[in-house]
Amino acid sequence: MDVIFYVVPGLIMALALFMAHRVVRRWLQIRGAWNSGLTAEGRCLRTFTTVAGGHGDTSVRTTLHHVYEFIAHDGRVIRFEEDGGPATTVEGDYVTVYYTGGRQVVATAQAPNRARQAVSALGILAFLGVIVVFCAGFVTAYSQTFGPYGDSVSSVDSRTSVAP
């Protein structure tokens with residue numbers, strides 16, 4: 001039964017660390033696209049929303065997605081999907097696309113806003129860090145309280161002798 005108190009926090013920590021990895025990776029990709037100096041005129045091909053939650057859950061989250069297409073400097077036609085874009089961009093609109101060159105193209109239609117991106121990424125990382133520290137503290141406290149030596153000596157009275 002003790003395994004649950006080690007495995008569940010361990011899985012939560014692993015998930016939080018994976019999410020932190022994804023946040024940092026996306027942050028670096030967007031920064032790379034903005035810093036590359038490569039821009040192109042792109043066109044919004046499609047917009048759609050996704051809905052999550054609502055089945056017994058009181059919170060419903062909708063996310064706006066855009067599908068863009070542009071021609072890279074080497075002539076390749078690149079199509080990508082991006083979530084969280086402005087609601088004022090609709091199908092057929094032209095946007096400036098920032099992208100990285102090379103075999104693996106990373107593109108974004110978000111205008112450069114380094115301070116906002118840094119604050120949001122660091123906020124998410126701080127929240128995930130609190131989750132990891134809490135889980136690690138929980139596991140440590142549980143192992144010290146209920147570990148193999150936690151209940152071996154319950155009390156010592158005056159009649160107990162340790163002498164051989």
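Two strands count as paired when DSSP finds at least two bridges between them. With that in hand, let us walk through this predicted model, starting at its sheet.

**The sheet**

Five strands make up an open sheet, arranged in the order E3-E2-E1-E4-E5 with antiparallel pairing. E3 and E5 are the edge strands, each pairing on one side only. In general, the strands of a sheet pair through backbone hydrogen bonds, either parallel or antiparallel.

Two of the pairings can be followed residue by residue. Strand E1, residues 38-53, runs antiparallel to strand E4, residues 94-99, and 6 bridges hold the pairing. One of the partnerships here is that of Thr 39 with Tyr 98 of E4. On to the next pairing: E4 is joined to strand E5, residues 107-108, by 2 bridges, again in the antiparallel sense. Tyr 98 has Thr 108 as its bridge partner in E5, while Tyr 99 stands opposite Ala 107 of E5.

**Helix H1**

How far apart are the end C-alpha atoms of H1, and what span should its 34 residues have? At 1.5 Å a residue the expected span is 50 Å, and the end C-alpha atoms are 50 Å apart, so the two agree. The buried residues of H1 are Pro 9, Met 13, Ala 16, Ala 20, Val 23, Trp 27, Ile 30, Ala 33 and Trp 34. A general point helps in reading such a list: an α-helix has 3.6 residues a turn, so residues three or four places apart point the same way. As for what they meet, the buried residues of H1 pack against E1, E4, E5 and H2. Just after the helix, Gly 37 takes a positive phi of about 85°.

**Two buried residues beside H1**

Gln 117 sits in helix H2, residues 114-146, and Val 106 belongs to the loop between E4 and E5. Are they buried or exposed? Gln 117 has a relative accessible area of 14%, which is under the 20% cut-off, so Gln 117 is buried. Val 106 is also at 14% and therefore counts as buried. The table gives their contacts, leaving out neighbours up to four places away in sequence.

| Residue | Relative accessible area | Contacts |
|---|---|---|
| Gln 117 | 14% | Arg 26, Trp 27, Ile 30, Arg 31, Trp 34 |
| Val 106 | 14% | Arg 26, Gln 29, Ala 33, Tyr 98, Tyr 99, Thr 100 |

Among the contacts of Val 106 are Tyr 98 and Tyr 99, the residues met above in the pairing with E5. Val 106 can also be set against Phe 80: they are 26 residues apart in sequence, and 8.7 Å separates their C-alpha atoms in space.

**The largest pocket**

The volume of the largest pocket is about 1300 Å³. Helix H1 (2-35), strand E2 (60-71), strand E3 (77-83) and H2 each give two or more residues to its lining. Which element gives the most? That is H1, with 10 residues. The lining comprises 37 residues, and those nearest the centre of the pocket are Arg 26, Ile 30, Glu 82, Asp 83 and Gln 110. Sorted by class, the lining holds 18 nonpolar, 11 polar and 8 charged residues. Arg 26, one of the residues nearest the pocket centre, is also in contact with Gln 117 and with Val 106.

Definitions and conventions:
Residues are numbered from 1 along each chain as its sequence is written. This is a predicted model: local features need pLDDT of at least 70, side-chain atom pairs count only at pLDDT 80 or more; totals for chains, interfaces and linings use all residues. Side-chain values use heavy atoms; hydrogens and water are left out. Helices (H or I, at least four residues) and strands (E, at least two) are DSSP runs, numbered from the N terminus. Buried means under 20% relative accessible area, exposed over 50%, partly exposed in between (1.4 Å probe, protein chains only). Contact means heavy atoms within 4.5 Å. On a 1 Å grid over the protein atoms alone, a cavity is a set of points where a 1.4 Å probe fits but cannot get out, and a pocket is an open set with protein on both sides within 12 Å along at least five of seven lines; lining residues have an atom within 4 Å of a point. Grid points are joined across faces, edges and corners, and a volume is the space filled by probe spheres set on the points. Ala, Val, Leu, Ile, Met, Phe, Trp, Tyr, Cys and Pro count as nonpolar, Asp, Glu, Lys and Arg as charged, and the others, Gly among them, as polar. The expected span of a helix is 1.5 Å times one less than its number of residues.
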